Every structure is written in structure tokens, then in C-alpha cells.
Amino acid sequence: MEVVILGAGYAGLRALKALQKADDLHITLIDKNDYHYEATDLHEVAAGTQTKESISYLIEDVVESHKTTFIKGEVTKIDAEKQTVLLADGKEINYNYLIVALGFESESFGIAGVEEFALPMVNVETAAAVHQHILAMMQKYQETKDENYLKIVVCGAGFTGIELLGALVEGRKEYAQIAGVKPEDIQIYCVEAVDHLLPMFSEKLAAYGIDHLKSWGVQLLTGKPIKEIKADTVVYQDDAETKALKELTAKTIIWTTGVSGSHVIGASGFEQRRGRVTVTDHLTAPDHENIYVIGDVSAVMDATSKRPYPTTAQISLKMGHYAAKHLLATLKGQTIAPFTFKSLGSVASIGNSHAFGVVGAAEVKGYPASFIKKAILDRSLLETGGIKEMLAKGRFDLYH
Ligand code: NAD
């Protein structure tokens, strides 16, 4: 029995871990990189407050070679009829069961200039490139004294944008040193389409995060949808009634207005929206009982809100575990209860020692929230990797 897992993110590795416990099947894991990275920490790599090595570990460390073959390769298409996966180098891999966990990509919403003039932050390479770009711009400031080199604009104030802003505030000391200015001379902006930020939190809790960012000098422009990105310029609608546009110039423009699932989903002909397949209650693609679609390429309906659950590391881990359990039960001719999800809560960090969010029914903020976020992250490292990875990272930092 051949099970193929596409993607070594949270969902794919969680499924792998559970499947490797079973006998009588061979697993092939395919990823374009030979390492897994903690996607929840990308903003820190972009700001330079963590290195890319500190959020990555080798896939071979979690692969049991007598059960699993790892292939480093880029998936281009899934052929559900032929039961094959096509790779960019022309290889074709056959499967009996497939677990698709290909993760997310940057979403431009068709806004002109985003691909050319804004920096994405969707994997370790692009996140590290953001940091390198910021440092290069600070160097340029030294040479030119043009203030635009000191300006950083974050586009979109979702969870990603907010966490990135907090990390950039922390990174200012490093940038300022290179530019030869004071940290407060580094100008950090955020341009956001809606007025009401962080709608999943109570007003008071959202204000905790927003007020902190403002008190650290972050300039938040809300109710200003971005209409175009030009070279070194963000063009946004300044007035909803007159539709008047305004321009904000900066040498660093970072794009965090949301994500879509992998383009491979659309290329493979699955019924999808923004790269996400609305799955059955046991996480398979409609009409394909042998294809599980999990993580950020999957849309699972929340029966209460009648909308898909937001894509998070937390739900990805749960889906990975469920898909493996369901597959193993199916092979034994058994059935298990449908997938259900109850969020443990969500916590956003702003910088290394402040965070805010909801855990269970309780609102948490400040130092304890920051601690809880680290504990949740370390748990995900423990669930996908193992105690070795967690300790090697030194992530359980009791001082914050
Ligand atoms: P998002 O879709 O949650 O937020 C994007 C933001 O960009 C929104 O506020 C939106 O109004 C804004 N936006 C969209 N188009 C715009 C435009 N043209 N101009 C200006 N603003 C625009 O995306 P995200 O923040 O990348 O998060 C993706 C998913 O990952 C979410 O489900 C989120 O909850 C999850 N996430 C969770 C955590 C955490 O739990 N700590 C951290 C990061 C992301």
C-alpha cells in the first residue's frame, strides 16, 4: 500500500508521524525543500529577530527511513484519475492514497504592481530576503540621507501584519545602527483596508495590541484599501466617498494582505476557491475518497459560523492527525467519527515579550500571553518534530 504525502509543513508532518506508527504501508513524502520550517515565526525572520536556521529543521530528522522515502522535488500537478503526482523534473509518482498538504502562497488579489514592487513573506527564503532588503536600504540611507530608505510599510493588518509590525519595532535597533540614526528615526507604517482591526477579538483586547504598536511609533492607516503598488510607492484609497487616492513612498514595502492555498490545487483541476478545496467531513476531496486535502489548501466548514475555519497551524496539526487516523481505519475496513475542531484559542505576539489573545474562554495579554504563545509554538514543534528539535532550538525561553 503506497501512501504519498505532499508537503512537509505542520499538516503533512503530523500525518507522517501518525502513519509511521503503522505497519504494512510504505510512505513517500515529497517537499521542494529538505527542511521543515515554523511558518508561525516567519515574521521574526523577516524582521531579523530570529535567523532562518533557528526556525527550520531537517526533514530527515523525522523520517523513519525503513518506512518512508523522502523525495526533494517540486509538485506541479496531481492526476486524480491516473493516481499519480507529477514533479517539475518530469518524475511521476504513483499512489494508492494521497495526502495533499501543500500549504499557502502570497495572495495579490490581482492588485497591480504587487508582484513587481512588494516583498512577500511566505517561506524562509522570502522572509530572510525581507530582512536582507531592510539592511541594504539602511546602508543606502548612510550613503544618500534620503528618508525613504528609513521607511518600512506593511500592507495589511491581519494577524501576520500585526505580528510583523511588533517584530519590526524590535528590529529597529539593528536597522538604526546600520543607518547611523536613532531607532525612533526608523519609520514603520501599516496600510489596512478595514477600519475595525482584529475583529476576532473584543474591542478592549484588540486595543491592547493596537495601542502598544502606536505607542512604539507605528503609524497605522486604517480604512485605506491599497489599490496599486508602484516602484517605492503604495497607492491607497484615502476617502471612501470621493475615492480620492493618496501615495505613501518607502523603499521597503512588505505584502501581508492574506494568503491562498498552493496553485497546484487549481492546476490539478480540483473544485476550489483561492487554492482551497472544501473537503468532506473526513477531510477528503469530494469525489476522491483516496485523496485527503489538509492544512492551508483545505477549507473545513465551521457548522456554527457557516464559514470555513481560518487557516492556522493549530487546525493544520489536527487535520494531519485526523487524516492519518481515518486512512488507517479505512485500511482496516473501519470508520471513525467525522472531523471536528475546537480551537484552543489564538494569541498574537508583538515583539518578543508582549502578546495578546484568547485561550479557551479567557482573554490574555502581556507577559503571560507571550509565554502561552511560546508554549503553543513549542507544542507544535513537539507534535511535528520531537523533543530533540524542541530542546535543540532552546525555544522554551523562561525569561519571556
Ligand atoms: P488575513 O486575511 O487574516 O489578513 C489580511 C489583512 O489584510 C486583513 O486585515 C485585510 O483587511 C487586509 N487587506 C486585504 N486586502 C487589502 C488591501 N488591498 N489593502 C489594504 N489591506 C488589505 O491574512 P494573514 O494575516 O496573513 O493571516 C492568514 C491566516 O493565518 C489567518 O487565518 C490568521 O488567523 C492566521 N494567522 C494566525 C496567527 C496566530 O495565530 N498567531 C499568526 C499569523 C496568521
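These numbered points cover confidence, cores, helix α4, backbone outliers, aromatic pairs and cysteines in a predicted model.

1. Confidence. The protein chain has an average pLDDT of 92, and 93% of the residues score at least 70. Residues 394–400 are a weak stretch, with pLDDT below 50. That stretch nevertheless has 20 contacts in the model beyond near neighbours in sequence, and these should be read with the low score in mind.

2. Nonpolar cores. The largest nonpolar core holds 54 residues, and the members that touch the most others are L6, L98, I99, L283 and I294. Leaving aside residues up to four places away in sequence, L6 touches I30, V75, I78, V85, L98, I99, V100, A101 and L102. Two of these, L98 and I99, are themselves on the list of members with the most core neighbours. There is also a second, separate core of 49 residues, with Y37, A157, A179 and I254 among its members.

3. Helix α4. This helix covers residues 124–144, which makes 21 residues. From first C-alpha to last it reaches 30 Å, close to the 30 Å expected at 1.5 Å a residue. Its buried residues are V124, T126, A127, A128, V130, H131, I134, L135, M137, M138 and Y141. An α-helix has 3.6 residues a turn, so residues three or four places apart point the same way. The buried list can be read against that spacing, with V130, I134, M137 and Y141 among its entries.

4. Cover over α4. Which elements cover the buried residues of α4? Among the strands are β3 (35–37), β4 (56–58), β11 (151–155) and β17 (252–255). The helices α2 (42–47) and α5 (159–179) also contribute.

5. Positive phi. K145 follows α4 and has a positive phi, near 60°, although K145 is not a glycine. Its place is in the loop between α4 and β11. L283 is another non-glycine residue with a positive phi, of about 70°. L283 lies in the loop between β19 (277–278) and β20 (284–285). With a relative accessibility of 0%, L283 counts as buried, and it is also one of the residues that touch the most other members of the largest core.

6. Aromatic pairs. The whole structure contains six aromatic pairs. In one of them, the ring centres of Y35 and Y37 are 6.4 Å apart and the planes meet at 55°, so this pair is tilted. Y35 and Y37 are both buried. Another pair, Y322 with F339, is edge-to-face, at 5.5 Å centre to centre and 75° between the planes. Because Y322 lies in helix α8 (residues 313–331) and F339 in the loop between α8 and β25 (345–349), this pair ties together parts that are 17 residues apart in sequence. Y322 counts as buried at 7% relative accessibility, and F339 is buried too, with a relative accessible area of 11%. In addition, F159, F201, Y208 and F356 form one aromatic cluster.

7. Cysteines. How many disulfides does a search of the whole structure find? The search finds zero. For C155, the nearest cysteine sulfur is that of C190, 7.8 Å away. A disulfide needs the two sulfur atoms within 2.5 Å, so a separation above that cut-off does not qualify. C190 is likewise in no disulfide, its nearest cysteine sulfur being that of C155. C155 counts as buried at 0% relative accessibility, and C190 is buried with a relative accessible area of 0%.

Definitions and conventions:
Residues are numbered from 1 along each chain as its sequence is written. This is a predicted model: local features need pLDDT of at least 70, side-chain atom pairs count only at pLDDT 80 or more; totals for chains, interfaces and linings use all residues. Side-chain values use heavy atoms; hydrogens and water are left out. Buried means under 20% relative accessible area, exposed over 50%, partly exposed in between (1.4 Å probe, protein chains only). A nonpolar core is a set of buried Ala, Val, Leu, Ile, Met, Phe, Trp, Tyr and Cys residues joined through side-chain atoms within 4.5 Å. Contact means heavy atoms within 4.5 Å. pLDDT is the predictor's confidence in each residue, from 0 to 100. Rings of Phe, Tyr and Trp (its six-membered ring) pair if their centres lie within 6.5 Å; planes under 30 degrees apart count as stacked, over 60 as edge-to-face and the rest as tilted. Helices (H or I, at least four residues) and strands (E, at least two) are DSSP runs, numbered from the N terminus. The expected span of a helix is 1.5 Å times one less than its number of residues.
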